Each structure stands twice: as structure tokens, then as C-alpha cells.
Amino acid sequence: APWCGHCKSLAPEWIKAATALKGIVKVGAVNADAHNSLGGQYEVRGFPTIKVFGANKNSPTDYQGQRTASGIIQGALDVARQVANARLSGRGGSSGGGSRGGSGGSGGNDVVELTDSNFDELVMQSGEPWLVEFFAPWCGHCKSLEPQWKRAATDLKGKVKLGALDATVHKSVAGRYGIQGFPTIKFFPAGDKAHPEDYQGGRTASDIVSFGEAKALESVEAPEVKQLVGQESFDDCTAKQLCTVAFLPHILDSGAAGRNEYIATLQALADKYKARPFGWLWTEGSAQSKLEEAVDVGGFGYPALVTISAKKLKYAPLRGAFSKSGITEFLQAVTIGRGSTLTIRGSEVPKVSTAEPWDGKDGALPEEEDIDLS
């Protein structure tokens, strides 16, 4: 501080030490009165306070040596020697400040280092969900979070990206989101990122991973329930762990409204189980006679539903109600291995017939020919 008598006494010794150490160790000075925010970051309460930034710039140490040029030079050289020995043994810390991330996976660190210059491109313009930590290098809670954040980034790789931004350096982005405390964590969803969500969960890797997985699931699109119109659509479905096939009443029996209601029930279930590797198909009853024979649907009692495991040549028939709750209970039993399973007849997945796609309309009765009995 300019008014500090001890600082004034130190100044000539400090200048001598800086001159002697030129090219070896950098020596600097900060007016903590004028730059009190910087002083606050490093908890400077008395003057002069001397901090030594060694291998790890995020954890400076207090200089406790003599306040003479020779004492300062000796202390600086001791630290330089420690840094050099650490580098020689491969244990050297980062020479930069405020870096918490890698490049997105390099060096075993899956946390992406974010800055004012790359934030919009990497986060805002991406189609992926992000968890972003805004931190300060001097923040103790941030240092405690760092290993948990790195572990979570690895566990969530391919689901949610994790980034870290030094809010004391990259103030433009930090200011945009009103960052005032550290660490602050915000979730940016896969779609519209204009209004990120504040993360209020726990600070362990498992807490962060649980939150990230739940958010990743929200952003996953549910598979479409498709009509079984040919072999290609059937092969796509049976390539999944389970292929769910619904056999719906004839259009003349249910009408378009009834059929759409059945399909809507199936689509709601496809959304509910979208995290599972399931495929979903529907077909009109009796349109796929070979498939019905192979899974014992039997040509009557529509709607009916089965799940097929082509890999195991097994299927499970729905015995309960064709409703959201009935099918949910059925699928829960199947997925935990408690459902009744049968072997596909013929011990092979049957081929299916080509069918006309439904036009979405009610069915029309065929025109009757006039019959002359005279």
C-alpha cells in the first residue's frame, strides 16, 4: 500500500532483488489499495504481503524470509530449484493460472477449458447439453470440487459435456450470467441455451453424474412407433434388445380414432422407455400371418402385443390389459426377467409380408355387387 512505511522501506531492496533475478524469476508488485479485488482473492490483510507463485499458480505460498535483497534472492532461488527438480522428475505443475480443463479428453482430463473467446462456439452453438463450472483459482470450495468435477466429466462422456471457466479472467462470460460466488455451476440444455439452469445438487462426482444422466435422458428423443410395412422395418426393430410389436384391430373395427388411440398409448410407452434399447412396431391384425403364428397371437383377440428378442429367439406375450398401465407392468416384468417367455415357433425369426402404409383414414366397406336371383 502506498501509505505503508514497511512497504517504503522494502522498495529499494525489492528493486535490487528484481534486477538480480531478471531472466530467472519474475518479481512484481501490486498496489492492493487500488486493486483491492485482487488483494481480496489472495486474502491480503497486511502490508507488505509477499506471495510466491511456484509450480502451481493456483496455490501460492507466503514468503516468510528476510526483507533484504539477499534474503529475497535466496528465497526465490530456492523455489526455482524446487520447480526445476519437480519438472526433472515429471511432477512439475502448470505454469499457467486459472486452468482447470483439458481440450476435451487429452491427458486424461475430460473437462473442457472454456474462455471468453471459445464459450459461444463450444457451448452456445453446440447441440449437446453442458454443465459449466464458473470458478476462481483462489477459491477453496473450487479446489475441493476439482477432482469430483474431473471424475464426473469422464463418467458423463458422450452424454453431457463438462466445462470449467475461470471467472476471474474471463469476465465477459461470467458477467453475462451474473456470477458472484464460486463455484457456480450452470446447466445448458441440448436445445435452447438462452436460459441455463442453476445446479443446486451435491458436489460429489456421483451427485453430478446423477444430475447429468437425468438431464441427458430428458434430451433423448423417444423412438417412433412405426407401422410394420415390410422386412426392412422389422429387421431394424429386431436388431434392438427387444422389439415390441402390437397387433391392432382391423380399421373397420376400431376406426381411425380408435387406432390412433392405440398408437398414442404405444408412443407414450416408447417415450417412457426411451432410455432402453427397444424398438416399437404396430401392424393390423391378420396382416402378418406368419409372424402371428410364430408368436401365437392366433388371429383373434386384437389388440395383442408381444416383445421379441431375436438374439435369444424368445418372445413374451402381453397377458393383461392393452393399456398404458397394463403394458407398463408387463414391460417392467420383462426387463427384470420375471415375465413369462416362450421360444419362437420354428426356432427362427419369421419373414414378414409387405403391407400398404395406413393412410390415416377410416376404413371403407367394399362395394357390394348387385345379386340377381331371377
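Analyst: Helices are DSSP runs of H or I with at least four residues, strands are runs of E with at least two, and both are numbered from the N terminus. On that basis, in this predicted model, Thr115 is placed in the loop between strand S3 (112-114) and H4.

User: Why is Thr115 called buried?

Analyst: The relative accessible area of Thr115 is 14%, and buried means under 20%, so Thr115 falls in that class. Leaving aside neighbours within four places in sequence, Thr115 is in contact with Leu165, His170 and Val173.

User: How do you know that the span of helix H5 agrees with its number of residues?

Analyst: H5 covers residues 140-155, which is 16 residues, and at 1.5 Å a residue these should span 22 Å; the end C-alpha atoms are 24 Å apart, and therefore the two values agree. The helix nevertheless carries a kink of about 35 degrees at Glu146, shortly before the proline Pro147.

User: Which residues of H5 are buried, and what covers them?

Analyst: The buried residues of H5 are Cys142, Leu145, Trp149, Ala152 and Ala153, and Cys142 has a relative accessible area of 1%, so it meets the limit of under 20%. The cover over the buried residues of H5 includes strand S4 (130-135), strand S5 (161-166), strand S6 (184-188) and helix H7 (205-219).

User: What makes the aromatic pair of Trp3 and Phe47 edge-to-face?

Analyst: The structure holds twelve aromatic pairs. In the pair of Trp3 and Phe47 the ring centres are 5.7 Å apart and the planes stand at 90 degrees; centres within 6.5 Å make a pair and planes over 60 degrees apart count as edge-to-face, so both conditions are met. Because Trp3 lies in the segment before helix H1 (5-20) and Phe47 in the loop between helix H2 (36-41) and strand S1 (51-52), the pair ties together parts that are 44 residues apart in sequence.

User: Why is Trp3 called exposed, and why is Phe47 called partly exposed?

Analyst: Trp3 has a relative accessible area of 56%, which is over 50% and therefore exposed, whereas Phe47 has 24%, a value between the two limits, so Phe47 is partly exposed.

User: Why is the pair of Phe119 and Tyr177 called tilted?

Analyst: The ring centres of Phe119 and Tyr177 are 6.0 Å apart and their planes are at 55 degrees; since stacked requires under 30 degrees and edge-to-face over 60, the rest counts as tilted, and this pair belongs there. Phe119 lies in helix H4 (residues 119-124) and Tyr177 in the loop between helix H6 (171-176) and S6, so the pair ties together parts that are 58 residues apart in sequence. Both Phe119 and Tyr177 are buried, and ring pairs link them with Phe134 and Phe188 into a cluster.

User: How do you know that Cys237 and Cys243 form a disulfide?

Analyst: The sulfur atoms of Cys237 and Cys243 are 2.0 Å apart, and the cut-off is within 2.5 Å, so the pair qualifies. The structure holds one disulfide. The link of Cys237 and Cys243 is right-handed, with 105 degrees about the S-S bond, and both cysteines are buried.

User: What makes Arg259 lie over the face of Trp358?

Analyst: Arg259 is at 5.0 Å from the ring centre of Trp358, and the limit for a charge over a ring is within 6 Å, so the distance condition is met.

User: Why is Arg345 called partly exposed?

Analyst: Its relative accessible area is 49%, and because exposed means over 50%, Arg345 stays in the class in between. Arg345 is found in the segment after strand S13 (342-343) and, leaving aside neighbours within four places in sequence, is in contact with Glu293, Ala294 and Asp296.

User: Which peptide bonds are cis, and where is phi positive in a residue other than glycine?

Analyst: Most residues other than glycine have a negative phi, and most peptide bonds are trans. A cis bond joins Phe47 and Pro48, with omega about -10 degrees, and another runs from Tyr302 to Pro303, with omega near 5 degrees. Ser286 has a positive phi, near 75 degrees, and lies in the loop between strand S10 (278-284) and H10, while Ser347, in the segment after S13, has a positive phi of about 55 degrees.

Methods: Residues are numbered from 1 along each chain as its sequence is written. This is a predicted model: local features need pLDDT of at least 70, side-chain atom pairs count only at pLDDT 80 or more; totals for chains, interfaces and linings use all residues. Side-chain values use heavy atoms; hydrogens and water are left out. The expected span of a helix is 1.5 Å times one less than its number of residues. The bend at a residue is the angle between axes fitted to the seven residues ending there and the seven starting there. Buried means under 20% relative accessible area, exposed over 50%, partly exposed in between (1.4 Å probe, protein chains only). Contact means heavy atoms within 4.5 Å. A charge sits over a ring if NZ of Lys or CZ of Arg is within 6 Å of the ring centre and within 35 degrees of the ring normal.
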